[in-house]
Amino acid sequence: MTTTDQLQRVAGSERIASLDVIRGIAILFILVMNIPWMGGYEFALWDFRYPTWTSADYWTTLVTKTWLEGTQRGLLELLFGAGIMIMARHAMTPDGPVAVADLHYRRNLWLILFGLANAFVLLWPGDILLIYGIAAIFLFPFRRMGWKGQLGFAGLLFGALIWYGAADYRANAAKLAKVERVMAAEAAGKALSEDDKTLLKERREQIERRTQMPADNVQQKKKIAEADAARHGDFVSYWRYQAEGWMFLMSQFFWFIEAEVAATMLVGMALFRLGIIQGRARTSAYVALLLGGYAVGLGLRGSQWLEILRFQPGQHWQDMFGDVARLAVTLGHVGLIHLILRSAPGRALLRPFVAAGRMPLTVYLFTSLLMMWVVFAPWGLDWFGRFGMAKLALLALAVIAAELVAANLWMRRFENGPLEWLWKSLAYERRQPFRKIPREPAAAIPAAV
C-alpha cells in the first residue's frame, strides 16, 4: 500500500452517517449553552438572573443546565475519540505507516491554530478547539489499546477529577465550619482578629451575591457596568474584554477541562471499538445507555440545580461528580439518538443533521463570527445584554434552524464546508475536492455486528 493510499480521507460509502447525525446535533445545539456567555451576563456575573428572571427564564435555565449543559461538547469529544480510531485505521500495528501519524499531528496542530483564531480573531473566549487539538495529540498512542484499557485510563482521569472535587469540597466545608465558629464568637461579644473579620466579610458578601438579585447587589452592579462598557464600547475595549475572558478561563480551568476532554475522548475510542457509537450495537445496549445515563446524570444534575436555583448559601456535594454526571447524560443522548435512528421516521427526522455534521468546523466558527461580530457586537446589532435566558435560547434555536437549512443547501453542491476544505487541504498537504462528487449515500445506521 502506498503512502497516498494510506492517507486517503474517509469519504463516500466509508462515512458513517450516524456519526454525522450526532456531530450535526452537537455542533448546532452547543449554541444553546454558549449564547448566555456570548450575549448575556453569565460570564461576567456567574448568575442567570440579569437582565430578566421570569418563570420562562427559570425553566429554560433548569432544562439547559440539567439536560444540555456540557453534553453537546461531550458528544463532540466522544466523536473526536472515535475519529482518532477512524483516521488511524491504517496505523494499528507497531510498524504502521508514520505518514498516518504525520497526518494526525498536522490535523490537530492546525485545529489548535483555528482555536486560537476563534478566541482572538472571532473573539469567542469559550473556544474548545485548542483543548481538543492538544488532547488528540496526546491520545494518538492509545489507538492500539483495547477498549478495556481505554476505559481504564478514562476512569483514572475521571477519578482524579472526582478526587480533586472532593478535596475542594472538604476544604470549603472546613472554611464554612470556621466561619460558623467566628460568627458564634462575634455573637458572644468576643474580640475578633483581623483575619477573622476578613473571613466574615467575605462570607457575608458571598451570601449577598447568592441571595440578592444582581441589580440589587453592589458588587454585581459594578461587574454589569464593566461588561456594558466593554461590550457596547469601541473595538479595543471589546477585544481586550474578550481576550481577558479567554485568558482567565485558560489560567483557571485549563487542566481540568483538558483532563475531562481527554477522558471523554478515550471513552469515545472505546465505544468505537465496541461498535456502539457508530450504531452497530444491539437495541438493548442503547436502551441501557438511555435509561442508565439519564437516571445517573439527570439525577445528579437535577438535584443540584434545583438547589442552586433556590439561590441560598451552601455547598453542593454533586459538584464532586460534575464530570461524571455530564458524561452520563451525554451517553444518554447517544442512546436516544441511536434509538431514534432505528426507525424509518426517526431517520427521516434526523437526516438533515447529516449535512451539519459533515461541516462542523464551518458551522462552529461561523456561529462565533455571527454572534461575536454581528449579533452581539457594538458595531453590529448590538444586542448584548438585552435578553434573559429564555429569549436567548429562542434566539439560539432560530439561528440553529437557519444554519441547518444553510448546511443542507451547501452540501447539495459541495463536497466539504469551506473551512473543512481548507483544514483537510492543509492537513493532507494537497488540494481536496470542493465540488460535490457523485456517489451512493451512506446508510444512516450501519449493519449490526
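**Group meeting talk: helix α5, its salt bridges and the surroundings**

Let me begin with helix α5, which is mostly covered, since 15 of its 17 residues are buried. Please keep in mind throughout that this is a predicted model. Along its axis, α5 reaches 24 Å from its first C-alpha to its last, close to the 24 Å expected at 1.5 Å a residue.

From α5 I would like to go straight to the charged residues. Glutamate 77 forms a salt bridge with arginine 326, and the closest N and O atoms of that pair are 3.7 Å apart. What makes the pair worth a look on the screen is that it links distant parts of the chain, with glutamate 77 in helix α5 (residues 71-87) and arginine 326 in helix α13 (residues 322-341), 249 residues apart. Glutamate 77 and arginine 326 are both buried.

A second bridge of this kind runs between arginine 358 and glutamate 415, where the closest N and O atoms lie 3.8 Å apart. This pair, too, links distant parts of the chain, although here both partners sit in loops: arginine 358 in the one between α15 (353-357) and α16 (360-375), and glutamate 415 in the one between α17 (389-413) and α18 (418-428), with their positions 57 residues apart in sequence. Again, both arginine 358 and glutamate 415 are buried. Returning to glutamate 77 for a moment, salt bridges that share partners join Arg73, Glu77, Glu260 and Arg326 into one network.

Set beside these a local pair, arginine 23 and aspartate 20, whose salt bridge has its closest N and O atoms 2.7 Å apart. Both residues lie in helix α2 (residues 17-39), 3 residues apart, which is about one turn of the helix. Arginine 23 is buried, and aspartate 20 is buried as well. Over the model, the count comes to 13 salt bridges.

Now to the nonpolar interior. The largest nonpolar core has 102 residues, and those with the most contacts inside it are Met371 and Phe376. Helix α11 gives the most to this core, with 15 residues. A second, separate core of 7 residues includes Trp305, Ile308, Leu309 and Met389. As for methionine 371, if we leave aside its neighbours within four places in sequence, it is in contact with Leu31, Ile35, Met38, Phe376, Ala377 and Val399.

Serine 368, found in helix α16, also touches Met38, together with Asn118, Leu122, Trp124 and Trp373, again not counting residues up to four places away in sequence. Serine 368 counts as buried because its relative accessibility is 1%, where the cut-off for buried is under 20%.

Which residues make the nonpolar patch on the surface? Trp46, Trp163, Tyr164, Phe248, Phe253 and Phe256 form it, with an area of about 640 Å². Helices α8 (147-187) and α11 (235-273) each supply at least two of the patch residues, and α11 gives the most, with 3. One of the patch members, tyrosine 164, lies in helix α8 and has 41% relative accessibility, so it counts as partly exposed.

Tryptophan 46, another member of the patch, deserves a second glance for its backbone. Most residues other than glycine have a negative phi, and most peptide bonds are trans. Tryptophan 46, however, has a positive phi of about 50° although it is not a glycine. Its place is in the loop between α3 and α4, and tryptophan 46 is partly exposed, with a relative accessible area of 46%. The loop between α3 (42-45) and α4 (55-68) also holds proline 51, and the peptide bond from tyrosine 50 to proline 51 is cis, with omega near 10°.

Where is leucine 123, which likewise has a positive phi, of about 70°? Leucine 123 is in the loop between α6 (98-120) and α7 (129-139), and it is buried, with a relative accessible area of 0%.

I will close with two exposed residues on helices. Glutamate 180, in helix α8, is exposed, with a relative accessible area of 57%, and its C-alpha is 9.2 Å from that of leucine 200, which is 20 residues away in sequence. Leucine 394, in helix α17, counts as exposed at 57% relative accessibility, and although leucine 394 and threonine 60 are 334 residues apart in sequence, they are 9.8 Å apart in space, C-alpha to C-alpha.

Terms used
Residues numbered from 1 in each chain as written. Predicted model: local features only at pLDDT ≥ 70, side-chain atom pairs only at ≥ 80, totals over all residues. Heavy atoms only, no water. Patch = residues over 30% accessible without salt bridge, like charges linked within 9 Å, V, L, I, M, F, W, Y side chains within 5 Å. Areas by Shrake-Rupley, 256 points an atom, 1.4 Å probe, with all protein chains shown as cover. Salt bridge = Lys/Arg side-chain N within 4 Å of Asp/Glu carboxyl O. Helix = DSSP H or I, 4+ residues; strand = E, 2+ residues; numbered from the N terminus. Buried < 20%, exposed > 50% of the residue type's maximum accessible area, 1.4 Å probe, protein only. Core = buried A, V, L, I, M, F, W, Y, C linked by side-chain atoms within 4.5 Å. Contact = heavy atoms within 4.5 Å. Expected span 1.5 Å × (residues − 1).
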